[in-house]
Amino acid sequence: MSMSRTYLDYNATSPLLPEAREAMVGALDATGNPSSVHGEGRTARKVVEDAREKVAALVGAKAKNIVFTSGATEANAWALSRKWDMIFLPKIEHDSVLASARLSGADIAEIDADTTGQARIEQIGERLLTSTATAGRQLVTLQIANNETGVVQPVTETADFCKEHGLALHIDAVQGAGRTNIEFDLLGAETMAISSHKLGGPMGVGALVLKDGLEISPLIVGGGQEKRRRAGTENVAGIAGFGAAAEIALNNLGNMVRLRQLRDRLEHALLSTTPSAQIIGTDGPRLANTTCVALKGQSAEILLIKFDLAGIAVSSGSACSSGKVGASHVLTAMGISSELSRSAIRISLGWNTSAVDIDTFVGVWSEIMAGGARAVA
Ligand code: PMP
């Protein structure tokens, strides 16, 4: 018996778009290594290069400056490992950015968040006054939008500041790509990480986008793939799926209006059922698809299990490592108490979310808040 499920965890990963699946199946059925000069190899090469064009178009970059990677974690690791003397590191960044920055050996200048969930980028200027790092070897890293709260970060202002002060900028665009308009070349940033699976492509593929003319040493060495910038036989099917998803995501950017309406309807219903619930991040700009809701006295882990048993997939706002549930570093940086943070759940919408999904969620939420929820058969 199949159980009908409601999937509302697009910030963790998006269901595969049918177009991405089709492109992947086509690529899987073809034989040929993109580095081979024979016909089969040239066919595989064309699949990769067509996808590169589509990914470039999505983010306003040139195709030759897109380097495919195994995902955004690798792209972030690569960008942050490039021999920086000093890294300006917002506390709300994704773990892959935080951990790579700390591993890099650079001095770290932590940047706080304000209560709206935005990085306090004015602190970069303050920290710069006391920095002795070499000009040109200082990196600011900033995400386009936060994965837990959906809060959109001041990327344009930061890019302008970096230009003015000769700082390099790395952007983690994972949650923004396909959800906001991105013009990488106009921003003038050094590098940018993107991931296929948040926008309807497959998991395990992403890209590092490079500033025009930037020559970058590889993180992974060996073969001459990706113009000697990233060794290893390309994930041709994954790249094909990424390209197809990028094309759809670009064409469908206008659908964010629909998702925003659904999300607002969801929040309105939650607050009218449960007036003590708090939606996090509503004082600043937010992605259209994300709701982070906290409710004092509840445990996010228990809520997740109840929703899961009722057929709904949502996510916890807290980070969980080695079985120990801790308060989310993002919510903590916003000044939210660990008690409230431990109750936060994240609901995130995407291309296949319907009004029925929202109504289903709201119905189960009401039952849980009233003291129980049935498990679906
Ligand atoms: N940055 C952000 C903001 C993310 O949300 C994620 C995925 N959770 C990543 C980086 C890592 O991306 P990937 O899964 O492609 O390694």
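**View 1. Helix H3 and the shell around the ligand.** In this predicted model, the biggest contributor to the shell around the ligand is helix H3, which spans residues 72-80 and supplies 3 residues. The shell as a whole is made of 13 residues. Sorted by class, 9 of them are polar, 2 are nonpolar and 2 are charged.

**View 2. The residues that come nearest to the ligand.** Zooming in, which of the 13 residues around the ligand come nearest? They are Thr73, Asp172, Gln175, Ser195 and Lys198. Two of these names, Thr73 and Lys198, are worth keeping in mind for the next view.

**View 3. Polar side-chain atoms beside the ligand.** Start with Thr73, where a polar side-chain atom sits 2.6 Å from an oxygen atom of the ligand. Now look for Lys198: one of its polar side-chain atoms is 2.8 Å from a ligand nitrogen atom. His94 also places a polar side-chain atom by a nitrogen atom of the ligand, at 3.4 Å. How much of the ligand's accessible area does the protein cover? On its own the ligand has 400 Å² of accessible area, and the protein covers 85% of that.

**View 4. The second largest pocket and its lining.** Here we turn to the second largest pocket, whose volume is about 250 Å³. Its lining is formed by 18 residues, and those nearest the pocket centre are Gly178, Leu199, Met256, Gly350 and Trp351. By class, the lining holds 10 nonpolar, 5 polar and 3 charged residues.

**View 5. Helices H9 and H10 at the second largest pocket.** Two helices to find in this view are H9 (236-251) and H10 (256-273), each of which gives at least two residues to the lining of the second largest pocket. H10 provides the largest share of that lining, with 3 residues.

**View 6. Two domains around the second largest pocket.** Where does the second largest pocket lie with respect to domain 1 and domain 2? Residues from domain 1 (18-251) and from domain 2 (254-369) both take part in its lining, so the pocket lies between the two domains.

Methods
Residues are numbered from 1 along each chain as its sequence is written. This is a predicted model: local features need pLDDT of at least 70, side-chain atom pairs count only at pLDDT 80 or more; totals for chains, interfaces and linings use all residues. Side-chain values use heavy atoms; hydrogens and water are left out. A residue is near a molecule or strand if one of its heavy atoms lies within 4 Å of it. A polar contact is a pair of N or O atoms within 3.5 Å; within protein, one must be able to donate a hydrogen and the other to accept it, and residues adjacent in sequence count only if both atoms are side-chain atoms. Accessible areas come from the Shrake-Rupley method with a 1.4 Å probe; for residues, only the protein chains shown count as cover. Helices (H or I, at least four residues) and strands (E, at least two) are DSSP runs, numbered from the N terminus. Ala, Val, Leu, Ile, Met, Phe, Trp, Tyr, Cys and Pro count as nonpolar, Asp, Glu, Lys and Arg as charged, and the others, Gly among them, as polar. On a 1 Å grid over the protein atoms alone, a cavity is a set of points where a 1.4 Å probe fits but cannot get out, and a pocket is an open set with protein on both sides within 12 Å along at least five of seven lines; lining residues have an atom within 4 Å of a point. Grid points are joined across faces, edges and corners, and a volume is the space filled by probe spheres set on the points. Domain bounds come from an automatic or database domain assignment.
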